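Hi,

Here is the structure I promised to pass on. Please have a look at it first, and then read my notes below.

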Amino acid sequence: GVSTNYALDSINGEVTTGNISGDIKSNALQGELTVKTVSGNITVRNNSGNIRLETVSGDIDDEGSSGTISYRLVSGDLTADSQASKIAADLVSGSAKLQLQQVDSLNLRSVSGDLTVRLKSLETKAQLDSVNADIDLIFDGMPDAEFNINGGPGGKIHNELTDAKPVTTKYMRSEVLKFQTGSGKADVNITTISGDIKVKQQ
């Protein structure tokens with residue numbers, strides 16, 4: 001469609017939809033789901049399977065998704081309350097607020113948009129990268145993870161999980177921090193250029 005609004009409800013199978021300037025809403029879809037729009041908003045509720053959501057200048061609002069999900073936004077904001085075990089997001093000039101549960105893998109990249117991520121637990125790995133954007137990673141409780149954090153040029157690291165303090169590298173003058181919590185079974189890698197990184201438990 002060009003400027004139509006779509007509403008998709010309770011479909012099981014493979015769904016691909018594209019739009020230019022209309023909003024797209026999907027509810028209780030299962031299977032392979034790809035939703036793309038240029039300047040419309042995407043709203044999804046209780047979708048499950050392998051999900052791809054992309055918009056250029058619209059917002060994405062996801063609630064209750066499960067399975068594997070990827071988000072791609074150029075100048076819109078992302079809000080998600082997801083049960084997905086594998087999550088990826090790529091943002092430019094938009095912020096993201098993610099509420100996650102038991103996560104196996106998490107891969108987030110942002111340029112000029114702040115990331116706020118709350119998660120119940122992390123099983124395997126998390127990679128968070130930002131340029132000119134802050135990252136807040138908040139765990140429900142103390143995680144079992146190895147942390148490798150690089151503040152890069154102009155970045156600051158705030159560790160509220162342990163007493164470990166960042167050190168400043170001699171030549172680059174950037175802050176770096178490595179530490180472990182619990183059994184260290186998961187890997188958490190965070191890097192930034194000109195952003196603040198904060199890790200904590202709520």
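Which residues of strand 7 (residues 60–63) are on its covered face, and which are on its uncovered one? This is a predicted model, and in it Ile60 and Asp62 make up the covered face of strand 7, while Asp61 and Glu63 make up the uncovered one. In a regular strand the side chains alternate between the two faces of the sheet.

**Around strand 7**

Strand 7 has pairing partners that you can follow in the view. With strand 5, strand 7 runs parallel, and four bridges join the two. One thing to look for there is Val44, whose bridge partner in strand 7 is Asp62. Strand 7 also pairs with strand 9 (residues 78–82), in the parallel sense and over four bridges. Here Ile60 has Leu78 of strand 9 as its bridge partner.

Thr43 is a good residue to click on next. Thr43 sits in strand 5 (residues 42–45) and is partly exposed, at a relative accessible area of 22%. Leaving aside residues up to four places away in sequence, Thr43 touches Ile24, Lys25, Ser26 and Asp61. Of these, Asp61 belongs to the uncovered face of strand 7. For Ser26, which is 17 residues from Thr43 along the chain, the C-alpha atoms of the two are 6.5 Å apart.

**Salt bridges**

Side chains of opposite charge can pair when their charged atoms come close. I found six salt bridges in the structure; these are among them:

- Asp90 and Arg109 form a salt bridge with 2.4 Å between the closest N and O atoms. The pair links distant parts of the chain, since Asp90 is in strand 10 (residues 86–92) and Arg109 in strand 11 (residues 96–111), 19 residues apart. Asp90 is buried, with a relative accessible area of 16%, whereas Arg109 is partly exposed at 44%.
- Lys185 and Glu123 form another, their closest N and O atoms being 3.2 Å apart. Lys185 lies in the loop between strand 17 (175–181) and strand 18 (186–193) and Glu123 lies in strand 12 (residues 115–131), so this salt bridge ties together parts that are 62 residues apart in sequence. Both ends are partly exposed: Lys185 has a relative accessible area of 46%, and Glu123 has 36%.
- Glu54 and Arg52 meet through their side chains, at 2.7 Å from N to O. Arg52 is partly exposed, with a relative accessible area of 35%.

The Asp90 and Arg109 pair is also part of a network, as salt bridges that share partners join Arg72, Asp90 and Arg109.

**A buried Asp with no salt bridge**

What does Asp129 have around it, being buried yet without a salt bridge? The nearest side chain of opposite charge is that of Arg109, 6.0 Å away. A salt bridge needs the nitrogen and the carboxyl oxygen within 4 Å, so this pair does not count as one. Asp129, which is in strand 12, does make polar contacts through its side chain. One is with the side chain of Gln127, at 3.0 Å, and another is with the side chain of Thr191, at 2.4 Å. Apart from residues up to four places away in sequence, Asp129 touches Leu108, Arg109, Ser110, Leu115, Ile135 and Thr191. Thr191 therefore turns up in both the polar contacts and the wider contact list, and Arg109 in the wider list as well as in the salt-bridge network.

Best wishes

Key:
Residues numbered from 1 in each chain as written. Predicted model: local features only at pLDDT ≥ 70, side-chain atom pairs only at ≥ 80, totals over all residues. Heavy atoms only, no water. Buried < 20%, exposed > 50% of the residue type's maximum accessible area, 1.4 Å probe, protein only. Lys, Arg positive; Asp, Glu negative; His and termini not counted. Polar contact = N/O pair within 3.5 Å; in protein donor to acceptor, adjacent residues only side chain to side chain. Contact = heavy atoms within 4.5 Å. Pairing = 2+ DSSP bridges.
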